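Biologist: Could you take me on a close look at the empty space inside this protein, and then at the place where the ligand sits? Take your time and keep it connected.

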Amino acid sequence: MCGIVGYIGKRDAIPILMDGLKTLEYRGYDSAGLVGFKGEEVVFEKAVGRVANLDEKIDKHGGFSGNIGIAHTRWATHGGVTELNAHPHTGCNQNIFLVHNGIIENYQKIKDKLIETGHRFYSETDTEVLAHLIEELRDKDNILLEDAVRLALQKIKGTYGLVVVDKRNPYKMVIARNFSPLILGVGKDEFIVASDATAILRSTSSVIYLNDGEIAVLEPDKYRIFNIDNEQVDRTPEELDWDIETAKKGDFPHYMLKEIYEEPEAIKNSIRGRLDLENGKAVLGGLSSIKEDLSKIDRLHISACGTAYIAGLVGEYMIEEYAGVPVEVDYASEVRYRKPIFGKRDAMLTISQSGETADTLAALYEAKEKGILTLGIVNAVGSTISRETGAGVYQHIGPEIGVASTKSFVSQLSILALLTVYIGRKKGMSLVMGKRILDELSRIPEKMERLLKLNDGIKELANRYAGYNNFLYMGRKYNFPMALEGALKIKEIAYVHAEGYASGEMKHGPIALIDKNFPSLIICPQDSVYEKNISNIEEIKARGGIVIAIGTEGDDRIRNLVDDVIYIPKTLEMLTPILVSLPLHLFAYHVGVKKGYDVDKPRNLAKSVTVE
Ligand code: M6R
């Protein structure tokens with residue numbers, strides 16, 4: 001969603017800001033803008049559409065080289081996609097400029113009051129109110145910018161990641177955060193502020209994660225952090241362990257393909273140092289503070305969104321079958337409305353690649369408010385969810401840029417397998433079973449490498465099927481969630497209508513859809529429900545339907561039944577979803593590419609969904 005970049009220091013701000021905006025493009029946006037100062041001179045431009053459109057406008061300013069500026073990519077919430085609504089926003093006198101992520105809930109009330117005092121508004125956004133409010137407070141009593149920002153924030157209700165500058169003092173920048181990510185990169189005599197670590201990495205790996213309600217005032221060689229009550233806050237920078245190379249596309253045509261190719265490595269990184277094969281135990285240091293409580297839980301609630309939710313469903317099957325703990329999985333967006341019943345000894349696991357998904361965060365807060373144990377599986381180090389959960393497991397897979405969750409999904413599945421063993425071994429899982437699962441998990445990356453060799457074949461298959469407008473994805477038990485994952489991916493990447501179903505449900509409705517124009521993709525490895533899935537295939541074929549199957553290597557029977565088959569290597573039943581992911585991701589990717597879509601930035605979608 002919206003992205004923020006700010007720079008203050010000794011270097012030329014504009015190239016750093018533009019570079020930052022380009023890095024943030026993957027998050028999804030519809031317009032962009034920038035303001036930079038050099039003394040009294042100002043560059044202030046906005047453009048609808050791609051950052052490249054803004055770049056063209058900025059280019060016209062030729063040699064401008066100020067040392068301070070702020071920039072933004074907007075994903076419309078309040079008001080349409082127009083230049084006027086794009087950020088930065090400014091007040092009546094065009095001195096204060098700011099960029100904002102989040103929502104000002106009481107903006108209308110404040111706006112009405114400001115209009116009464118003579119302020120004139122040009123946009124439909126909630127954000128513009130902040131610019132006028134800060135202007136009003138600063139100019140009326142001639143107070144410092146940081147004081148005006150603090151006083152303004154005391155008056156608003158809502159969420160914000162905020163960066164404010166004042167043309168009259170081009171050596172100062174004020175930033176603030178409340179439930180919307182904002183990271184402060186600390187360089188030598190310079191600061192880079194961004195809503196996403198990837199936009200900072202090129203300049204520095206030394207970062208400070210602002211907490212909710214904190215404000216920082218930055219001057220090129222110093223910074224000060226305080227809270228909304230003006231109390232000083234001490235914070236030292238931490239090292240960000242993400243590698244800048246991981247955030248580049250390299251020779252791949254798309255991030256999505258690169259990230260699918262990184263799936264084996266992602267699993268290696270997520271399980272590295274976490275397998276105690278000799279004792280059949282999972283070593284999850286991030287859970288050590290809650291290990292006693294976790295071993296006593298009565299029930300685990302898993303909350304997440306999109307693909308992370310689907311990972312949670314697979315986790316439900318794993319944990320219930322092997323750890324014997326009841327699991328309930330919810331769309332995080334439903335938790336606060338559903339009024340779930342939390343027992344005293346229940347725990348909530350939130351799963352999120354970005355660690356910033358607003359709905360997942362809200363579910364987490366709900367659980368915290370009810371006083372139950374919380375834990376997380378998160379990729380983005382220092383993200384809000386990672387800091388708000390009591391304990392957790394980091395994915396360690398580096399940035400994922402493509403909007404589709406690919407390497408992050410398989411990483412989450414592998415961590416859920418580890419968690420199954422972690423909890424299971426405390427709940428009576430045998431040493432032999434613990435060893436078996438971990439041993440097989442350690443072999444998964446090599447099996448995924450083998451699967452990558454199928455890329456050309458899957459591309460050819462995708463090209464043949466790219467003309468169909470509908471798909472039915474089906475699977476049973478562990479691979480029912482994978483039917484949902486396959487359908488979700490082809491929907492978001494290739495804009496193909498697809499239904500994901502548990503195979504057993506076929507006869508209760510979806511079978512009516514089957515004809516020669518509605519292909520089915522059936523996930524049918526040789527597992528405990530193999531024969532049942534075979535029956536489903538026969539039923540579809542009897543009705544003239546087309547079937548693509550994902551089967552187990554060496555299964556010749558299935559080849560004779562279906563139209564096309566993709567083979568995966570044999571593994572433990574509970575780990576088949578990890579292997580199944582890769583062909584499902586490749587298939588969706590190639591259909592999307594064949595149809596000519598921008599698979600890294602599908603329409604209307606954002607990588608990190610930071611609003612409800
Ligand atoms: O960052 P998160 O894991 O919390 O994101 C959750 C979903 O928004 C995400 O998985 C989304 O469904 C992906 N685009 C799916 O590929």
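Modeller: The largest cavity has 27 residues in its lining, and those nearest its centre are Asp196, Ala197, Trp242, Ser354 and Ala380. Bear in mind that this is a predicted model. The space in that cavity comes to about 270 Å³. Sort its lining by class and you get 13 nonpolar, seven polar and seven charged residues. Searching the whole structure turns up two cavities of 30 Å³ or more.

Ser354 is a handy bridge to the ligand: besides being among the residues nearest the centre of the largest cavity, Ser354 is one of the closest residues to the ligand, along with Ser352, Gln353, Thr357 and Glu492. The whole shell around the ligand has 13 residues, split into four nonpolar, seven polar and two charged. As for who supplies them, helix H9 (306–322) and helix H16 (480–494) each put in at least two, and H9 gives the most, with three.

Now the polar contacts. Glu492 uses a side-chain N or O atom, which lies 2.3 Å from an oxygen atom of the ligand. Gln353 works through its backbone instead, with an N or O atom 2.7 Å from a ligand oxygen. Val403 also takes part through the backbone: one of its polar atoms there is 3.1 Å from a nitrogen atom of the ligand. On its own the ligand has 420 Å² of accessible area, and the protein covers 90% of that.

And where does the ligand actually sit? In the largest pocket, which holds about 550 Å³ of space. There are 26 residues lining that pocket, with Cys305, Gly306, Ala606, Lys607 and Val609 nearest its centre. Two or more lining residues come from each of H9, strand E20 (346–352), helix H11 (358–369), helix H13 (407–426) and H16. H9 leads here too: its three residues are the largest share of the pocket lining, and H9 also gives the most to the shell around the ligand. By class, the pocket lining breaks down into 10 nonpolar, 12 polar and four charged residues.

So much for the tour; if you want to follow it on screen, Ser354 is a good place to begin, as a residue named both for the centre of the largest cavity and for the surroundings of the ligand.

Notes: Residues are numbered from 1 along each chain as its sequence is written. This is a predicted model: local features need pLDDT of at least 70, side-chain atom pairs count only at pLDDT 80 or more; totals for chains, interfaces and linings use all residues. Side-chain values use heavy atoms; hydrogens and water are left out. A residue is near a molecule or strand if one of its heavy atoms lies within 4 Å of it. A polar contact is a pair of N or O atoms within 3.5 Å; within protein, one must be able to donate a hydrogen and the other to accept it, and residues adjacent in sequence count only if both atoms are side-chain atoms. Accessible areas come from the Shrake-Rupley method with a 1.4 Å probe; for residues, only the protein chains shown count as cover. On a 1 Å grid over the protein atoms alone, a cavity is a set of points where a 1.4 Å probe fits but cannot get out, and a pocket is an open set with protein on both sides within 12 Å along at least five of seven lines; lining residues have an atom within 4 Å of a point. A molecule sits in a cavity or pocket if more than half of its atoms lie within 2 Å of its grid points. Helices (H or I, at least four residues) and strands (E, at least two) are DSSP runs, numbered from the N terminus. Ala, Val, Leu, Ile, Met, Phe, Trp, Tyr, Cys and Pro count as nonpolar, Asp, Glu, Lys and Arg as charged, and the others, Gly among them, as polar. Grid points are joined across faces, edges and corners, and a volume is the space filled by probe spheres set on the points.
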